[in-house]
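Welcome, and please open your viewer. We will go from stop to stop, selecting a few residues each time and looking at what is there.

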Amino acid sequence: MGRGGTASLWLLLLLVLVVSPWRQVAAGNGTAVGGGRGGRPRVPAVLVFGDSIVDTGNNNAVLTLTRADFRPYGQDLNGGVPTGRFSNGRIPSDLLASRLGLKDLVPAYLGTDLTDDDLLTGVSFASGGTGYDPLTSTLVAVLPMQEELNMFAEYKEKLAGVVGDEAAAGIVAESLFLVCAGTDDIANNYYLAPVRPLQYDISSYVDFLVQQACDFMKVKCFLSFPLTTSSNPIVRATESVHRFAFPGSAVTANAERVVAGLLQQLYLQGARRIAILGLPPIGCVPLQRTLAGGLARDCDPVRNRAAQMYNSRLKDAITQLQEELRCQRIGYVDIYDVLHDMITDPCKYGFNVSTRGCCGTGDFEVSLLCNQLTAATCPDDRKYVFWDSFHPTERAYEIIVDYLFPRYVEKLL
């Protein structure tokens, strides 16, 4: 090849590297999809926070009994090798990443040999069993939401090490943040543990959770640009969140206003797209039916009303946050209605069973109780809304994500 041909080849390679906006491959426990449902990725990355609905395996690296890194979990994914996902296959974080054209699987931040491409296209920081209330994670020895934020700060440093500070800030600013938490606070903390009901009635506890959710979003927005020193205001802000978590908090109203004002100013350099999920119909989840639904295992209206109360107040709070932070790309995502419809009218969606899970009896098996030694699985999990007594099946998740994406997520892109 002559000198002219060689120069042309190098020019072509340079154009390919420059024009490609984001790399579209992912290793570790992520899988390339080459643009998902066609075209370029909608965002550079998806960054996930929350509980077991979006935990892709972080609890594998945590000393806790709340885990899913054993069979039959994951029986329809990767040849049946469990990954720590609390379902039979992919979960919402994976399905969302696929819809966005990023990759088929979102790797867990912990316990995964993350590649540069994993960092560039997003990870999950979620920890199954956690909640906005710090007590919720303490009860089951999992990662609190604050620790998820700490991991995000560490992730940002690693990302900057790959592409540089400026490019890393750009990736974070354009990425979609998914936050899914709160169910464990009400289902496994307030209604099962003896502490919070002595301190709050359910209305006050819901207000507390909504405040925690809003504080989390504000702190996360702050963390969307580099941390420098330990004297950074984020330290004081997160300490205030911890103190606020318990009655008798030393945080004064004035201090809260100062922190909120500071975070609002810093938000101008932070994350721009945040999808925060509401709560499902908790009282219709199989385990909650068993615990509170009587002999007939009916949906528990008390838990469902608590979820609806939370959703209503969270939606109002997000509207206020949009105004305070001058950002319309913080969006409330309503998962209550679609899941409730699937449970009450399963045949409409092609399901046969919606009152119990596929694993074991389906009435109470979840996490360690859903295991291949003591709990057989149903013949066809595609006929079940729930995989275990708490978490939906991959097929149910697919229907939910397909329903929610055009109605809520598209508006944030």
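## A crossing of two helices

Helix H14 and helix H15 cross in a right-handed way. To see this in the predicted model, select residues 336–344 for H14 and 394–407 for H15; their axes come within 10 Å and cross at roughly 140°. That angle makes H14 oblique to H15, since only angles over 145 degrees count as roughly antiparallel.

Now show the side chains at the contact. From H14, pick Val338, Leu339 and Met342; from H15, pick Ala396, Ile399, Ile400, Tyr403 and Leu404. What kinds of residue make up this contact: nonpolar, polar or charged? Eight are nonpolar, none is polar and none is charged.

## The four-stranded sheet

Next, turn to an open sheet of four strands, paired in parallel and ordered E1-E2-E3-E4. Select 46–50 for E1 and 330–333 for E4: these are the edge strands, each pairing on one side only. Neighbouring strands here are turned by 20° against each other on average, direction ignored.

Add residues 273–277, which form strand E3; four bridges join E3 to E4, and the two run parallel. For one example, click on Ile276, whose bridge partner in E4 is Tyr332.

Then bring in helix H5, residues 145–163, which packs on the sheet and touches E1 and strand E2 (176–180). The direction of H5 makes about 155° with that of E1.

## Backbone details in the loops

Most residues other than glycine have a negative phi, and most peptide bonds are trans. The next three stops depart from that pattern.

Go first to the loop between E1 and helix H2 (92–99), where Pro72 sits. The peptide bond from Arg71 to Pro72 is cis, with omega near 10°. Asn78 is found in the loop between E1 and H2 too, and this residue has a positive phi of about 55° although it is not a glycine.

Now jump to Ser367, in the loop between strand E5 (353–357) and strand E6 (384–386). Ser367 also has a positive phi of about 55° without being a glycine. Is Ser367 buried or exposed? Ser367 is buried, with a relative accessible area of 10%, whereas Asn78 is partly exposed at 47%.

## Zooming out

Finally, show the whole protein, which has 15 helices and six strands. Of its 413 residues, 56% count as buried. Among contacts between residues at least 6 apart in sequence, 73% join residues at least 24 apart.

Definitions and conventions: Residues numbered from 1 in each chain as written. Predicted model: local features only at pLDDT ≥ 70, side-chain atom pairs only at ≥ 80, totals over all residues. Heavy atoms only, no water. Pairing = 2+ DSSP bridges. Axes fitted to C-alpha atoms, helices over the stretch in contact; angles between N-to-C directions. Contact = heavy atoms within 4.5 Å. Parallel < 35°, antiparallel > 145°, perpendicular 65-115°, else oblique. Left-handed = near helix turned anticlockwise from the far one by under 90°. Nonpolar A, V, L, I, M, F, W, Y, C, P; charged D, E, K, R; others polar. Buried < 20%, exposed > 50% of the residue type's maximum accessible area, 1.4 Å probe, protein only.
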